[in-house]
Every structure is written in structure tokens, then in C-alpha cells.
Amino acid sequence: MNADTFLVALAGQPNCGKSTVFNALTGASQHVANYPGVTVDKMTGWYRHNGYRVEVVDLPGTYSLTSFSPEERVSRDFILHEKPLVTVNVMDAANLKRCLYLTFQLLEMEIPVVLNLNMMDVVENQGIDIDMEKLSQQLGIPVVPTAMKSGRGKKELRHVIDAMAAARPAVPPLRIDYGEMEPFIREIVDRVASETNLAGSYALRWLAIKLMEGDSEVRRLIQERNPDADPFIAMVDQSRTAFEDRFEEAPEVHIANCRYKAAGEIARACLTRPQGASRPLSDKIDAVVCHRLLGPVILVGVIWLLYYLAIVQGYTITNYTWPLLAKLRSLTEAVMPSPGFIDIPLIREFSLWIVDSVNALLNYIPIFFILFALIAILEDSGYMPRMAFIMDRLFSRYGLHGQSTLPMVLGGIYVGGCAVPGVMSCKGIPDERSRMATILIIPLLNCLAKVPLYVLLINIYFAAHKAWAMFFISTISFLMVLSVSKILTLTVLKDRETAPFVMEMPPYHLPTWRGVLGRAVERVWLFVRKISTIVVAVAVVIFVLLQFPGIGKERMDDYRDRKEKAVAAFYKKIDGTPFHDGLQGERLMELVLYQEAYKNAKMKVRGEDAVAALNADFKARDALFFKIVQPGKDKTAKKAGREFKKLVKARKGLLREMRKERIDQSFLGTAGRWLEPVTRWAGFNWRVNVALLSALAAKESSVATLGALYEQEEEGEALENRMARGEVGFTALHALALMLFMVLYPPCMATSIAVKIQAGSVKWMLFSIGYPMLLGLVVATLVFSLGSVLGLSGLQAMIAFYCLALIITVGMGFFKNDGQSSKIGANP
């Protein structure tokens with residue numbers, strides 16, 4: 001830069017108002033780009049002050065300046081290599097103690113720093129007083145208070161930046177006392193000074209601290225600038241090991257604790273709260289909610305209550321919504337071409353297939369609405385970050401990160417998420433190993449698309465234990481993903497980097513009904529939109545695969561011959577009755593449709609008056625038909641009615657045989673039967689195979705396909721009843737194996753694409769598809785085969801598998817990953 005231009009960097013933690021400061025300083029003079037080699041946004045702008053053009057770079061928000069995440073590396077490398085004349089540390093003044101953690105790291109780099117205490121309006125509203133002069137003395141840097149939302153302090157900040165850039169003072173290094181670690185730091189400083197040429201470019205004490213933290217980028221820098229780096233790195237590793245063995249504390253944790261201790265001392269010295277100010281309510285709640293013992297118990301209780309309200313009570317509501325969906329099917333039947341005796345128009349079959357496929361999923365909208373509303377309450381109340389805090393104690397044992405919580409929640413840790421946003425949100429996880437492990441396990445969680453199959457099977461085969469069965473299927477997925485994550489991080493991901501956990505705890509808030517209901521409606525609408533696109537598209541493909549190549553001409557001729565014989569037999573039996581001549585030609589099929597309409601209508605009315613009105617209506621439509629359907633005491637009509645029922649039964653039998661043969665001969669039926677020799681050990685028949693194959697494109701299609709495969713015998717018949725009737729030999733053990741296979745089912749197409757984007761490799765995408773398929777088949781086969789051999793019921797097998805999974809998961813948590821970092825939680 002020329003003499004009239006100088007560079008300023010803005011550094012700060014997330015949610016400190018840094019972007020507001022950047023916008024206030026630069027106005028409309030901004031440009032967005034990317035830092036080389038990463039997808040982190042680079043915000044640059046400029047302004048003029050006292051004749052100088054000041055270039056301002058808004059660095060990514062970060063809690064620290066380590067080398068774990070792209071944001072941390074970008075911020076640190078920019079400061080070290082671009083060497084801005086001034087670095088403005090933007091701080092949330094209401095969280096002075098927490099924000100000083102980053103300030104210390106900036107000062108240890110021995111660079112010119114201005115501390116900008118932003119959000120002073122919030123501090124003033126809370127009655128808090130900050131001694132600016134004492135804070136400046138303690139840190140040895142200028143401190144500028146601002147409230148940039150209103151523009152207050154902008155001129156003062158520009159003036160201080162200009163003064164520091166012009167004076168270019170030698171910054172006295174801030175020296176935090178690291179206690180027992182100081183001898184180790186001094187030894188490393190001496191070795192760096194004598195064995196490298198880094199003294200002119202970097203602060204030696206900062207380099208030593210970073211090496212004791214295990215910073216990979218600083219280690220690489222030493223290796224590049226030291227011709228005999230191996231002995232030096234070995235000495236650093238010995239120092240880290242010796243410190244941890246002697247003081248039973250990881251070096252990086254000790255460093256963090258010393259920084260937090262120093263931050264606490266400075267905050268107590270410079271910050272005064274109003275007299276009589278009680279402990280914040282959020283802190284009082286956290287004392288219970290985040291308690292080491294009570295916290296997990298409360299978390300489990302919250303999850304169980306969530307399932308009870310959404311699944312058990314939500315399913316009760318579907319008893320009232322299903323008749324509405326049944327009316328939609330009836331309306332579709334009414335507008336489609338009428339069916340023949342055994343020749344059903346293709347357009348009619350196709351339309352009803354689509355309606356049945358969509359209705360099978362729309363029936364669960366009440367459940368999803370309650371589920372989304374409850375999740376919105378947890379989000380808006382502030383409990384979600386607490387869940388991350390509680391979970392990190394567990395996640396760190398399985399190679400995951402506290403910040404894996406949000407992707408897992410989005411993916412369906414609560415049941416009802418979506419793997420696509422879950423995978424895409426993994427971008428913010430700071431270490432590579434945890435990020436990749438999270439990406440690969442997200443599809444194994446209980447996304448929204450899996451829930452209909454769970455609810456369907458539970459309501460058929462675990463009706464007496466609905467809440468506990470749903471609790472099992474949700475928590476077993478969690479246990480299994482932990483074990484899978486541990487295996488992945490110990491094998492294919494073992495060489496990836498790790499990073500500490502930092503999470504900000506926002507204060508608790510009372511959710512608003514408007515916010516909760518708005519969020520629930522929005523998410524349900526997204527679900528409906530997905531049905532109208534993906535599920536319908538898949539239903540079309542499945543319909544074609546199930547309809548073609550169809551029944552051969554010879555076989556179709558055989559069915560028509562049997563039809564003619566049945567019709568001829570009927571006419572022969574009623575010959576000589578007044579009904580014979582009135583049922584010739586198309587009138588016979590009209591009677592079939594009339595009888596179906598009367599039967600369906602009668603099922604919906606209650607009371608003698610309603611039945612009488614219904615009878616009068618149908619008698620007015622066609623008196624001859626009504627006499628056959630309701631013969632009363634007329635012996636001739638009774639005889640015609642009995643023979644007609646035999647004809648209807650023969651027709652249903654022919655249609656059932658034709659449907660079975662058509663599916664048997666279809667492309668998808670062939671594939672389903674081809675897989676049966678393998679899947680039968682898991683308890684899957686060809687119909688289940690067909691449903692699972694359809695779910696490869698979208699998991700919602702599994703229930704939609706089952707809804708179409710099991711035909712309705714009566715209008716409005718629920719899928720649960722149709723499946724229970726169609727699968728006579730299907731038991732709760734079959735259902736358990738199928739649910740476990742669905743837990744481990746490969747990602748859908750959309751999720752696979754998201755995996756490819758986030759992992760940056762087709763290889764990982766293919767791996768994410770292949771390993772769940774194999775694992776799911778193995779688990780389902782073991783559960784069904786062993787359960788059958790041991791004579792276990794579905795509930796007994798469920799309990800046994802849960803206990804086994806719990807033992808395996810707990811046991812695996814004791815195996816430490818190589819290079820597993822300790823987790824550091826940020827103070828609220």
C-alpha cells in the first residue's frame with residue numbers, strides 16, 4: 001500500500017456486532033470475495049479519514065486463533081502475513097470476560113490492537129459500569145466504547161485507529177502467567193530463537209505457546225524454517241507429554257484455563273454490576289439444566305415427552321384427518337373413467353396410485369406439526385445450545401464435536417429432521433475429523449422421511465407400547481451413530497485433525513406462540529412441497545416399474561374367459577326373475593359400482609334416521625339396484641342378492657390375481673424377488689424389498705409404495721389395516737428388523753449430493769451409500785435370525801438389542817482416538 005493508505009483488520013467472536021461495526025465504518029464501499037483456497041467469505045471495504053484511505057477487512061468471526069477451522073486459519077494468517085497496521089478487536093461489552101479470550105491471543109501475537117467495546121447500549125440497560133481507563137491500563141491498549149447500531153462512537157473509533165496507525169507504537173507484550181507451564185515455554189522460546197530465523201517475523205513467546213497447544217500450522221512452520229526440525233519437534237512433543245503426565249492436564253486445556261482465569265480477574269477489576277443485582281435467571285436455570293448428573297436426565301425426559309406428545313397424541317388426531325384424505329380419494333374415483341369388470345382404465349389406476357401414495361404421507365401431518373412446534377419451542381427457549389453443551393461430554397468420546405449437535409438435530413436426533421440441511425450445516429464444525437464423521441453419520445439419524453414407516457409399523461405391531469417403541473427407535477439410532485462414528489474415527493478418519501469445542505450460551509427466552517406456530521407451519525409446508533415433487537415423481541417411476549411389462553395376452557385371455565364364465569353363471573342363477581333383463585350389458589357393472597357406493601356410504605352414517613334417509617336416496621337413484629342390495633323379505637330379491645355377492649367375490653378374486661401376477665412380472669417385482677434369497681434372512685419379502693428399493697430416491701416413498709401395494713377393500717381403509725391384512729405372517733420381529741434396517745438406510749439422492757459437496761469427493765459419497773447398506777442388512781439379519789432361533793417376541797428382541805447396543809456404545813467410549821483433543825467449553 002502507498003503512503004496515503006493503510007490496512008485495518010476487524011477481529012472478533014461471533015455475534016459481537018462486528019459486521020455492524022464494519023458497515024458503519026465503510027458504508028456502501030464494500031466488496032465480497034473468497035480467501036484463496038477456502039470458501040470463507042472475505043469482506044473488504046474502505047473509508048477516508050484525515051486524508052488517508054483506510055482499507056478495512058472484516059475477518060471471519062472466531063472464538064480463538066488456532067489452526068483448527070478455516071475461519072481461524074484465515075483470520076490468523078491474514079494478521080500474520082498481511083500485517084495490518086491496526087487490528088480492531090470488536091467485543092460484545094456485555095460479555096467482557098468471555099470475549100477477552102480472543103483479545104489475549106491477539107495481544108500475544110504482539111500486534112497493534114485497539115479494543116472496541118461494542119453494544120454499550122445493552123451494558124447500560126443492564127446497569128453495568130465498565131471502567132474504560134482501568135481496562136486500558138490492564139491490557140495496555142486503547143479501549144473505545146461504541147453502540148454502532150445507533151452510530152455512537154464511530155468518530156471516536158476512527159480517530160483512535162488513525163492515531164495508532166500514525167504513531168505506530170511498539171506494543172508491550174501482554175504476559176499471562178501460565179504457571180507450571182512457564183519453564184516449558186521458556187525452553188521452547190530459547191530453542192526457537194537459536195535454531196530458527198523466525199524471531200523477526202513472529203513473536204517467539206506466541207510461537208512457544210502455540211507449540212505447547214499442539215498447533216499443526218506452527219509445527220509445519222518450524223519444519224519449514226528449521227533445517228534440523230525433527231529433533232526440535234520431538235522435544236516439543238516430549239514437553240507436551242511431560243507436562244500432561246506431571247500435572248494430569250492436557251497442555252491446551254491448561255492454557256485455556258489460565259486465559260479464562262486472567263479474563264475473570266480483569267473483568268472483576270473493571271466491571272461493576274448494580275448493587276443488589278441477583279444472579280441472572282439463566283444462570284440459575286443452567287445450574288440445574290446443565291448439571292453433570294441432572295442435565296442428561298432432564299435431556300432424556302425432554303426427548304421422551306417430545307415423542308409422547310408428537311407421536312402418541314399426534315396419532316390420535318390422525319383418526320380425524322384420515323376421513324378427509326379418504327374423501328380426496330373418493331373425489332378422484334368419481335372424476336376418473338369408470339372401471340370395467342376386470343379391465344381397469346390405466347389413467348384411473350395411475351391417478352388412484354398417486355393419491356394413495358401422497359395420502360399415505362399426508363396422514364402424518366398432525367404428528368409432524370406437533371413435532372415441529374415442540375422443536376421450535378426448544379430452539380426459541382435457548383435449550384438447544386445447552387443440549388450441545390451436555391452432548392459434548394458424550395460426543396468427544398466418539399470422535400465427534402460439540403458443534404456436531406446442530407447438524408444432528410437438523411438431521412433428526414429428535415426424529416423429524418432432514419439429512420440435507422444436516423449435512424450442509426457441517427461446514428461450521430472446526431476440525432476435519434469430527435466434520436467428516438458427522439457428515440457420514442447424519443443419514444443414519446431419524447430424518448422426517450423415515451418417521452412414517454416407523455409410525456406405521458409401531459401402530460400395527462407395537463400398538464400397546466407406542467411411546468416406548470418410538471423412544472427405542474429414536475434413541476437406538478443415536479446409540480448406533482455414536483458407535484459408527486467411533487469406528488470411522490478410529491479407521492478411515494483417524495489421520496484427520498481435531499479441534500476444541502467452544503459454544504456460546506444465550507440467555508433463556510419465553511417462546512412466542514406466533515414464532516412457534518409460524519415455524520411449525522413453515523416446516524410442514526416444506527414437507528408438503530417435498531411430497532408434491534419428489535414423492536410424486538418417485539410414485540410415477542414406481543407405478544411404471546410395477547405396471548410393465550404387464551400381463552401377457554394369453555394370460556389376459558384366460559382371465560377374460562373366467563370373467564365370462566362367472567357372469568354367465570350369475571345370469572343363469574337369476575334367469576326367470578324380474579332382475580335378469582334389468583341387469584344386461586353395462587347395467588351389471590353399474591350395479592357393482594352402485595353396491596360399492598352404498599356400502600361405503602352406509603359405513604359413514606349413524607342412527608336410524610340417517611340410515612332411512614340414505615336408503616331413500618339410493619332407492620331414488622335406482623329402485624331395481626336397491627332391491628338387490630337391500631332385498632328385505634322378498635325371497636326372489638334375496639336370491640338375486642346372494643348370487644350377486646358371489647359374482648362380486650369372484651370379481652375381487654380375479655382382480656387380486658391379476659394384480660399379483662402383474663406385480664410379479666413387473667420390473668420392480670422381479671428385482672424384489674431377486675433380492676428375496678438374501679433379504680429373507682432379515683425377514684423381508686418381495687413387497688418390503690420393492691418399498692425399500694423405491695426409498696433409494698426418497699425415503700418417503702417406502703410408505704407411499706406400501707400404501708399402493710396393499711389395496712383397499714373398503715373406502716377409507718387405513719394403511720395399517722391393509723398391511724396387517726396383507727401380511728398375515730408378518731410379526732413384530734419382522735417389523736423390528738425392518739425398522740432397524742431403515743435406521744441404517746443409505747442416504748437419499750438429495751443427501752448423497754450434499755455429502756459430495758461437503759466432503760468434496762465422489763469417493764466419500766459412494767462410501768456414504770455403501771457402508772450403511774451393508775451395515776443395515778447385517779444388523780437386520782442378526783436381529784431377525786437370532787430372534788427367530790431364540791423364540792423372542794418383537795418386544796423381547798427390542799429390549800435385548802437395546803441392551804446390547806448400549807453396552808457396545810458405552811464400551812467403545814473408553815477407547816481414545818489417536819490425537820483426540822480435549823474439549824474446551826466457553827463460559828456463558
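**Side-chain contacts in the predicted model**

The side chains of D558 and R555 form a salt bridge, with 3.3 Å from N to O. The model in which this pair is found is a predicted one. Because D558 and R555 are three residues apart in helix 23 (residues 553-573), about one helical turn separates them. D558 is partly exposed, at 29% relative accessibility, and R555 is partly exposed as well, with a relative accessible area of 34%.

The structure holds 31 salt bridges. One of them joins D622 and R587, at 2.8 Å from N to O. D622 lies in the loop between helix 25 (608-621) and helix 26 (623-629), and R587 lies in helix 24 (residues 586-603), so this salt bridge ties together parts that are 35 residues apart in sequence. D622 counts as buried, at 14% relative accessibility, whereas R587 is partly exposed at 27%. Elsewhere, E108, K210, E213 and R259 belong to one network, joined by salt bridges that share partners.

D58 and K18 form another salt bridge, in which the closest N and O atoms are 2.6 Å apart. This pair also links distant parts of the chain: D58 is in strand 4 (residues 52-58) and K18 is in helix 1 (residues 18-26), 40 residues apart. Are these two charged residues buried or exposed? D58 has a relative accessibility of 6% and K18 has a relative accessible area of 7%. Both count as buried because the cut-off for that class is under 20%.

Charged side chains also meet aromatic rings. The charged end of R158 sits over the ring of Y47, 4.3 Å from the ring centre. R651 lies over the face of F341, and here the distance to the ring centre is 5.9 Å.

Rings also pair with one another, and the structure holds 21 aromatic pairs. F243 and F247 form a tilted pair, 4.9 Å centre to centre, with 45° between the planes. Both residues lie in helix 10 (residues 229-247), four residues apart, which is about one turn of the helix. F243 is buried, with a relative accessible area of 0%, while F247 is partly exposed at 30%. In the pair of W468 and F471, the ring centres are 6.0 Å apart and the planes are at 85°, so the geometry is edge-to-face. W468 and F471 both lie in helix 21, three residues apart, again about one turn of the helix. W468 counts as exposed at 55% relative accessibility, whereas F471 is buried at 14%. An aromatic cluster is formed by Y594, Y598, F618, F625 and F626.

The last topic is the nonpolar interior. In soluble globular proteins, nonpolar side chains tend to be buried together. The largest nonpolar core here has 107 residues, and the members that touch the most others are M408, F462, I476, F684, L736, M739 and L740. Which helix gives the most to this core? Helix 21 (residues 466-490) does, with 12 residues. Beyond its neighbours within four places in sequence, M408 is in contact with F395, L400, I413, T438, I441, I442, L445, F478 and V481. A second core, separate from the largest one, has 66 residues, among them L7, A9, M181 and C270.

Terms used. Residues are numbered from 1 along each chain as its sequence is written. This is a predicted model: local features need pLDDT of at least 70, side-chain atom pairs count only at pLDDT 80 or more; totals for chains, interfaces and linings use all residues. Side-chain values use heavy atoms; hydrogens and water are left out. A nonpolar core is a set of buried Ala, Val, Leu, Ile, Met, Phe, Trp, Tyr and Cys residues joined through side-chain atoms within 4.5 Å. Buried means under 20% relative accessible area, exposed over 50%, partly exposed in between (1.4 Å probe, protein chains only). Helices (H or I, at least four residues) and strands (E, at least two) are DSSP runs, numbered from the N terminus. Contact means heavy atoms within 4.5 Å. Rings of Phe, Tyr and Trp (its six-membered ring) pair if their centres lie within 6.5 Å; planes under 30 degrees apart count as stacked, over 60 as edge-to-face and the rest as tilted. A charge sits over a ring if NZ of Lys or CZ of Arg is within 6 Å of the ring centre and within 35 degrees of the ring normal. A salt bridge is a side-chain nitrogen of Lys or Arg within 4 Å of a carboxyl oxygen of Asp or Glu.
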